[in-house]
Amino acid sequence: ADEGVRIPGFARALAQRALGMIEVARARDWSEAGGLAVLGAELAGDLVVRDAAGKSRRIGFIADRADLADGVLRLTDYKTGTPIATVTGEGTKRSRLIAAVSEGRALQSVAYVAAAQALGVAQAEGRLLYLREDLDDRSRDFVARHDDAELTAAFEATVRTAFAALDTGTLFPRLVLADKDEEPPACDWCEVAAACLRGDSSQRARLREGAASEAARRDTASEADRVLFAVFAFGREIETREEDAT
């Protein structure tokens, strides 16, 4: 930097904090022989999906980077937080990605692939690349590929449930996880946490008990109640079907 330019303390601290992550991105994406065919950055796109009623719905997104790698369109979303899981095996990473998508998280990578296919791109992949310096390089990337039917099905089911929640106004505070008596991680950074019933053990118990009762009488429950249970139990119905199948 020019010595004559004074950088405010916060900006300097922010730049220093980001430098390590930038170096990780450089090492992962700019170290290949001959470089990559970089197509663009901060690319806005959208995807048309079908909701539970068969209505077309539009989902917008921004891809941090687009590359052409060995004939495959690769769309990347850079992440600075905690990865989906600190695992290194490709099969395990795929299963953790499917689970995260089923739970309503990590949807970008699948949306990227679906949007590319809608535009006629035969081979595409969406990648979540985690840039924290303390990670094992083998656990940094989680990739959705164009031929992964199970991952696509998990994405479509999650999106249908999310739109149903929006349409029915079932936007309840998710005070506790469905499978354990713990707060969801999102509570740590939620902008309205101060106005929430967060930490109220009685309300958490009511939510879990109410969702369980709706599951037991799903055939007679109202649409809003069925949607509430589906959102509360994001990802768990797939696990239940797998257990039943075994």
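1. Is the crossing of α2 and α4 left-handed or right-handed? In this predicted model, α2 and α4 cross in a left-handed way. If you want to find the pair on screen, α2 covers residues 90–102 and α4 covers residues 149–168.

2. Now for the geometry of that pair. The two helices pack at an angle of about 15 degrees, and their axes lie 8 Å apart. Angles under 35 degrees count as roughly parallel, so α2 and α4 are roughly parallel to each other.

3. Who touches whom? On the α2 side, the contact uses Arg94, Leu97, Ile98, Val101 and Ser102, and these meet Glu150, Leu151, Ala154, Phe155 and Thr158 of α4. By character, the residues of this contact split into six nonpolar, two polar and two charged.

4. Next, the largest pocket, which has a volume of about 1600 Å³. It is lined by 43 residues, and the closest of them to the pocket centre are Glu103, Gly104, Arg105, Arg174 and Ala186. Those would be handy residues to click on when looking for the centre of the pocket.

5. Which elements give two or more residues to the lining of the largest pocket? They are β2 (56–69), α3 (108–118), α4 and α7 (236–245). Helix α4 provides the largest share, with six residues. So α4 turns up twice in this note: it packs with α2, and it contributes to the pocket lining.

6. Last, the make-up of the pocket lining: 27 of its residues are nonpolar, six are polar and 10 are charged.

Methods. Residues are numbered from 1 along each chain as its sequence is written. This is a predicted model: local features need pLDDT of at least 70, side-chain atom pairs count only at pLDDT 80 or more; totals for chains, interfaces and linings use all residues. Side-chain values use heavy atoms; hydrogens and water are left out. Axes are lines fitted to C-alpha atoms, for helices over the stretch in contact, and angles run from 0 to 180 degrees between N-to-C directions. Helices (H or I, at least four residues) and strands (E, at least two) are DSSP runs, numbered from the N terminus. Angles under 35 degrees count as roughly parallel, over 145 as roughly antiparallel, 65 to 115 as roughly perpendicular and the rest as oblique. A crossing is left-handed if the near helix is turned anticlockwise from the far one by less than a right angle, and right-handed if clockwise. Contact means heavy atoms within 4.5 Å. Ala, Val, Leu, Ile, Met, Phe, Trp, Tyr, Cys and Pro count as nonpolar, Asp, Glu, Lys and Arg as charged, and the others, Gly among them, as polar. On a 1 Å grid over the protein atoms alone, a cavity is a set of points where a 1.4 Å probe fits but cannot get out, and a pocket is an open set with protein on both sides within 12 Å along at least five of seven lines; lining residues have an atom within 4 Å of a point. Grid points are joined across faces, edges and corners, and a volume is the space filled by probe spheres set on the points.
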